[in-house]
Amino acid sequence: MASDTRSTASASPNPLFALSSKRWNSLRHILERPGPFCKADFTASAENLEALQTMLKVLVIGAGGLGCELLKDLAMMGFGNLHVIDMDTIELSNLNRQFLFRRKDLGLSKAECAARFVNDRVPTCRVTPHFSKIQDYDEHFYSQFHIIVCGLDSIVARRWINGMLISMLDYNEDGSVDPSTIIPLIDGGTEGFKGNARVILPGITSCIECTLDLFPPQVTYPLCTIANTPRLPEHCIEYVKIIQWDKENPFNVALDGDDPQHVAWVYERSVERANQYNISGITYRLVQGVIKNIIPAVASTNAVIAAACATEVFKLATSCYDSMNNYLNFNDIDGIYTYTYAPEKSDLCLACSNVPQDLNVDDPNTTTLDDLIKILCDSQRFQMKSPALTTMVDGKNRTLYMSAVKSIEEQTRSNLTMSLGELGLTDGTTIMVSDINLPTSITLQLKYHPNEVEMK
């Protein structure tokens with residue numbers, strides 16, 4: 001077992017039972033005997049199991065379809081100190097695959113109910129729940145864990161935790177990463193009958209940001225189709241979601257896919273529109289799925305991917321075998337197919353390249369600040385939501401635009417229509433950009449190339 005300076009507080013309610021139970025005989029065969037595939041730093045010893053159950057701290061992010069599987073797998077693999085974060089509450093539609101929940105749990109915290117179920121069922125494991133967003137915690141919180149494993153359905157959340165772990169790295173004088181500051185990130189994802197699992201060693205392997213283009217684009221429908229010639233149930237729902245809701249504004253608030261009243265209103269209007277065009281297939285669940293961009297989940301896929309992720313956590317925690325290198329694809333649409341490969345780190349990565357990145361823009365006299373913001377939001381490389389831009393002028397910070405704070409937005413709104421030249425942003429100017437997708441700001445360097453802009 002590799003040494004580590006992080007917290008090693010015991011989490012097992014009964015360490016003697018945990019270590020003496022026959023439940024762990026199969027683990028002892030792995031951890032107490034040397035083998036031909038063990039890593040160089042592996043030492044066969046009974047202390048390995050003890051460390052797994054009393055010292056290692058693992059954070060599970062997400063308590064949904066993947067998260068429930070992960071908590072079950074890790075608890076049954078001997079991990080004694082788990083934490084789980086999830087901001088969601090339990091809905092009726094969750095019960096068909098999120099097996100740690102029951103009907104009596106509807107409306108309650110996923111993290112708290114999942115932790116309570118595992119704690120009651122597996123006496124050797126103690127799960128600590130956190131009913132909150134991952135963004136509610138800082139570097140100090142995440143630094144206490146030895147390994148973090150994700151069962152997320154959000155690219156935004158993946159990018160955020162990826163950026164947080166990279167921001168926590170320390171570097172040696174030669175530019176190499178200090179190994180003691182690396183917290184491995186195991187990420188799993190599913191989409192119907194397809195899934196993936198990957199092992200990320202921040203600063204060493206490719207990260208989430210390096211391979212952002214691997215995530216499938218969100219499904220969209222042409223506005224002309226949904227407005228004039230709808231052919232699918234989804235077209236009718238999108239019409240109500242995009243056009244009718246804003247036009248009629250029934251509740252005087254933004255559409256919320258988690259509000260039953262909102263979903264019911266969209267459902268009724270969608271059925272009316274579908275009837276006008278003789279389209280069938282509108283269901284309440286489909287309406288909710290379109291509003292929230294929900295991808296149908298398959299329990300068996302969640303189980304396979306969670307098992308792959310939990311196995312990687314075990315290998316990293318014990319050094320009993322080399323970890324995966326480093327991206328696994330899984331597909332069981334037609335038979336079962338898996339493929340593992342190692343995506344390379346990107347020199348243009350916004351998170352782990354550790355150097356300012358070039359931002360190519362067109363003529364500074366015709367490109368406005370609003371154009372620059374659209375590049376940051378629309379390009380495949382950046383995929384930002386609402387970037388705030390600042391720069392340095394004579395050694396002082398100058399805010400170019402920030403929408404999050406009303407008073408600052410009003411003061412900087414006029415900058416949007418000004419060209420980069422008028423704003424004094426010359427070739428090579430450094431701009432600091434912050435966004436909801438990023439835990440820390442990134443540094444970009446303007447590069448003017450006429451007729452050459454960031455690829456969409």
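**View 1. Leu59 of strand β1 faces Ile148 in β4.** The model shown is predicted. Strands β1 (residues 58–61) and β4 (residues 147–151) run parallel and are joined by 4 bridges.

**View 2. The 8 strands form an open sheet with mixed pairing.** Read across the sheet, the order is β3-β2-β1-β4-β5-β6-β7-β8. At the edges lie β3 (126–130) and β8 (337–341), each of which pairs on one side only. On average, neighbouring strands of this sheet are turned by 15° against each other, direction ignored.

**View 3. Helix α7 (residues 155–167) packs on the sheet.** Helix α7 touches β1, β4, β5 (185–191) and β6 (194–200). The direction of α7 makes about 170° with that of β5.

**View 4. Helix α12 (residues 299–318) lies across five strands, namely β1, β4, β5, β6 and β7 (327–331).** Helix α12 runs at about 170° to β5.

**View 5. The largest nonpolar core has 49 residues.** Leu71, Leu74, Phe79 and Val149 have the most contacts inside this core. Helix α12 supplies the largest share of the core, 8 residues. In soluble globular proteins, nonpolar side chains tend to be buried together.

**View 6. Leu71 touches Val60, Leu82, Val84, Leu100, Ala114, Val118 and Val127.** Residues up to four places away from Leu71 in sequence are not counted here. Leu71 is one of the residues with the most contacts inside the largest nonpolar core.

**View 7. A second core of 30 residues is separate from the largest one.** Among the members of this second core are Ala157, Met164, Cys210 and Cys349.

Methods
Residues numbered from 1 in each chain as written. Predicted model: local features only at pLDDT ≥ 70, side-chain atom pairs only at ≥ 80, totals over all residues. Heavy atoms only, no water. Pairing = 2+ DSSP bridges. Helix = DSSP H or I, 4+ residues; strand = E, 2+ residues; numbered from the N terminus. Axes fitted to C-alpha atoms, helices over the stretch in contact; angles between N-to-C directions. Contact = heavy atoms within 4.5 Å. Core = buried A, V, L, I, M, F, W, Y, C linked by side-chain atoms within 4.5 Å. Buried < 20%, exposed > 50% of the residue type's maximum accessible area, 1.4 Å probe, protein only.
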